[in-house]
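Let's take a walk through this model, starting where the chains meet and ending among the aromatic rings. Keep the viewer open as you read.

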Amino acid sequence: MLPFTKLSQLEPRAGVTNLSETESYFKSTEFLSLKPLNPNVPHNPSLYKKPFVESFEETPLMVAVLTYMGYGILTIFGYLRDFLRQWNIEKRHIARERDEQKDFVPLYQDFENFYNRNLYIRIRDNWNRPVCSVPGPKMDLIERSTPNYNWTFEYTGRVLKDVLNLGSYNYLGFAENKGPCADAAIEATQAYGVGVGSTRCEMGNLDIHEELEQLVARFLGVESSMAFGMGFATNSMNIPALTGKGCLILSDELNHASLVLGARLSSSTIRVFKHNNMQSLEKLLRDAIVHGQPRTHRPWKKILIVVEGIYSMEGSIVRLPEIIALKKHYKAYLYLDEAHSIGALGPNGKGVVDYFGLDPKDVDIMMGTFTKSFGAAGGYIGGKKELIDYLRCHSHSAVYATSMSPPVAQQIITSMKIIMGEDGTTLGADRLRQLHENTTYFRRKLHDMGLIIYGNEDSPVIPMMLYMPAKIGAFGRQMLKKNIGIVGVGFPATPIIESRARFCVSAAHTREMLNTVNISDSWQSKYVRRLKYINETLTYYK
Amino acid sequence: YTIIIYLSYPIYLSIMRGVLSSIMASGQQWVLVEMVQAFYEAPAYHLILEGILILWIIRLLFSKTYKLHETYKLTENEKEDLIEEWQPEPLVPTLSKDHPSLSYDIVTGSPSHKIIINGKECINFASFNFLGLLDNERVKQKALSSLKKYGVGTCGPRGFYGTFDVHLELESRLANFMQTEEAIIYSYGFATIASAIPAYSKRGDIIFVDEAACFSIQKGLQASRSFIKYFKHNDMKDLERLLKEQDLEDQKNPRKARVTRKFIVVEGLFINTADICPLPELVKLKYKYKVRIFLEESMSFGVLGEHGRGVTEHFGVNIDDIDLISANMENAVATVGGFCCGRSFVIDHQRLSGQGYCFSASLPPMLAAAAIEALNIMEEDPGNRSFFNDCLNVALCLCDRIPGLRLEGEPFAPALHLQLEKSSGSREADMKLLRSIIDYCLNRNVALTLARYLEKEERFLPTPSIRVVVTVQQTEEEIQKAVSCIVEAASVLLQ
């Protein structure tokens, strides 16, 4: 029997050497007396090489009640206004079906759009803000105004200069229009042009793609790799090549839409485990192997566990050591999506595998994107040579989709070489260190302000809880007034009462920039009740 | 307990005898009285014993002799054994070493008119660079100036600081170019129609699709989880038959019909067959049966019609009659990405429901800028008439002149297919034969390619073919050279 099943009885415990200031807190009776509220508690501490600190403070009851009330009021008003619109008392702004097709079956069901019409539209000025500069640490936004409460936007012609960018996934600060990456991309554009005009399988396999793939394989520490033109499509077009009927996909409940789509297109059976919950995963694995396929009870052909490195809405890091142990014991395969973690985590910027000090060969399919840390676009898959060879012949993307634009490939090559230190400088290492420092600093700063922040202490994605949907709008607007651009996220991207603001820290942010973020309590969002790290899930090591 | 039963047995018998005799002497009151008397006279231990006996019988009646689930449930050890026993299939099946797609041809440098394949400079008859914009200096300069302003990546999806002024400009330019109300851009050509279809068509809806529809349409259909009805390629009678069938079905169940959306999905120029869809008839059927039309124009955008607006312009069909037009910007426009255009009522919905739009990083601004410049060039000099003639010219040259090969597709299509007249019987052998023709041409500096498909995944697998792509940059001379090269190869290799 594996140690996991017994671990459920283990409580987080202290008594470890080299305790820092924070850790001594965990030794205190105050912490030990806390009941862990997080379902992620059972874990195998022996697998971790350093503390794994992740916090998800429970929603205060009062806040939850108020949030539900807020939705209730919005819904009532929504119906009222729909009624007014129906009788033409309130002006209708939404585009309408052309007269010739009025007798067709309606293209949209009315209730589908209720949420958008009556809730989203009211605060939609917080999204799709047009940028007109590099999406670096500071960016310029085009000012918009609306004459009709966000139904339509007008451009005022003014530009909001130097808005602090806490929204872009520019973790290592490679979104630049100057410097070695941009220079290399300029050269590539001159040499190749921007398009390719064919697929990898036909006439679109350029030497620059081959170079990129060899570099990515080296960077990841895997045998071989393949690059694709779009991160989303890397997932949705390759999972179907790997699993099919009679296969089981075990997917984390918070997996990205592209993974969900890929799993669905593969026509495998999909089962969902609770977010980062190893108990839930192990139970599904055991049940799957013991009971086989539903109805026929034939054994599964293969089982694929699909997880992400950093979850972009929670800021949590996957419990990779435990997953690898589970996958080895149950002979499942592991698909790791490092969209946010590649470049952003680990002492060498090589993602979660590097972060936990594990062997990349233990992960069967290493997937990631170039959009975030590398400031480019596209995605990759790395793994054993047989896997990549198979994908070269069977990936939907390789056979049917136009290959990656050469300057984009060049941007990745140059930035990756900088991260690896192959350019002969320590600029990459500096960026990695800076990102880590900024992450720690900013997380602590927000926490000290009394805000509830979610996620792992090392994750550069920092969700701050707002809970109430109206606060997304209020917070986003107020921050923009202070020249700070943040991202608000609400339902359906999060659970209905857990609306949040999200900060993405970058290596390009300076301490001064981060210091300008000062969140006043004018809208009562400082919810932390206890002084320090309540309700932590902490994994100790021996 | 048997002893107890044994002991009480005589007493029991005596009572039973009394009962029996009372029945025999029915009507005689005294028997009952006697029984009650016997009960009173019986000793206490006897009554207790009787009581216990009765309880015992009740217990025996209601208890089960064995437990079913105990034998059914697996013990932990058995489970462990099962887990130990289970052996999954390998993650990927082993490939044969000579799989045709295993080793790609390597292109050095720009894949434009002159292309270097595996170290050999050739004239390109393989890339979809119809208008020759791939190495256009103006396009490059525009991309470069954008690169110098914005860098390469956008570092975010459209919603989260990934919308750039360039994207907004490109969207309005595309809408203008196509003369529609609105356009929306995607960062990947393949994802465009594959995201657009499931944004509208949901579970329970019905989609009528041409059998020859390309792979990205097929993936869109699969993602939508709607009912899919395939009609024979370009066969309007077959489509009408299906529509009529559906109409009858609808009359039976009008309630369901009122919420079942119906769509026809076709390609303008089919990439797999290089022929054109009969759009005017489709539009007639649309209004007759109240079905919406989605049109994929990746092959025809920038190519057909006087201004390059595609099949609608070619046929003179009112573009508003088509509910959604999608195309990629990777062929004629020679950059990366795709777009959908149509009425705002339709297109705007994708901004929250198009998965490839919402959840993906936006198109790098420099690629969008390149597309804008390409549109500028296309608007300034439509030149499509001459391109149209180029295509016709190539088709005429190829037609009927090559022994053993058959030309598929409309003569004005820019990407044609050369198929074997006589198949050798096995697909693999056919592919090898065609590949040898391509190699022959490659050696003589003419770049062609096989049309590649995923053989197991395609719904209706197209016949193996060589793709011949016509571009504006090919001169008369080069075309003649290519044609004679193919003729030569065919006569040498296809005996």
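What follows looks at the contact between the chains, then at ring pairs, and last at charges over rings.

One thing to keep in mind from the start: this is a predicted model. With that said, begin at the contact between chain A and chain B. On one side, 116 residues of chain A take part, and on the other, 112 residues of chain B. Put together, the two chains bury about 10100 Å² between them, and 64% of that is on carbon and sulfur atoms. If you want somewhere to zoom in on the chain A side, try E202(A), M203(A) and Y400(A): these lose the most area to chain B, together 8% of what that side buries.

Now for the polar side of the contact. Between chain A and chain B there are seven salt bridges. One of them joins R343(B) to E97(A), with 3.5 Å between the closest N and O atoms. Polar contacts between the two chains come to 48 residue pairs, counting pairs with both residues at pLDDT 80 or more. As for the kinds of residue involved, the side of chain A that touches chain B is made up of 62 nonpolar, 31 polar and 23 charged residues.

Next, the rings. Over all chains, the count is 28 aromatic pairs. Take Y48(A) and F52(A), a tilted pair whose centres are 5.2 Å apart, with 40 degrees between the planes. Are these two rings' residues buried or exposed? Y48(A) counts as buried because its relative accessibility is 3%, under the 20% cut-off. F52(A) is at 1%, so it counts as buried too. Another tilted pair is Y169(A) with Y171(A), at 6.3 Å centre to centre and 40 degrees between the planes. Both Y169(A) and Y171(A) are buried.

Some rings gather in a group that draws on both chains: Y108(A) joins Y200(B), F263(B), F294(B) and F345(B) in one aromatic cluster.

Finally, look for arginines over rings. In chain A, the charged end of R431(A) sits over the ring of F174(A), 4.1 Å from the ring centre. In chain B, R444(B) lies over the face of Y440(B), and here the distance to the ring centre is 3.7 Å.

Terms used
Residues are numbered from 1 along each chain as its sequence is written. Chains are lettered from A and ligands numbered from 1 in the order in which they are written. This is a predicted model: local features need pLDDT of at least 70, side-chain atom pairs count only at pLDDT 80 or more; totals for chains, interfaces and linings use all residues. Side-chain values use heavy atoms; hydrogens and water are left out. Contact means heavy atoms within 4.5 Å. Buried area is the accessible area (1.4 Å probe) that two parts lose on being put together, summed over both. A salt bridge is a side-chain nitrogen of Lys or Arg within 4 Å of a carboxyl oxygen of Asp or Glu. A polar contact is a pair of N or O atoms within 3.5 Å; within protein, one must be able to donate a hydrogen and the other to accept it, and residues adjacent in sequence count only if both atoms are side-chain atoms. Ala, Val, Leu, Ile, Met, Phe, Trp, Tyr, Cys and Pro count as nonpolar, Asp, Glu, Lys and Arg as charged, and the others, Gly among them, as polar. Rings of Phe, Tyr and Trp (its six-membered ring) pair if their centres lie within 6.5 Å; planes under 30 degrees apart count as stacked, over 60 as edge-to-face and the rest as tilted. Buried means under 20% relative accessible area, exposed over 50%, partly exposed in between (1.4 Å probe, protein chains only). A charge sits over a ring if NZ of Lys or CZ of Arg is within 6 Å of the ring centre and within 35 degrees of the ring normal.
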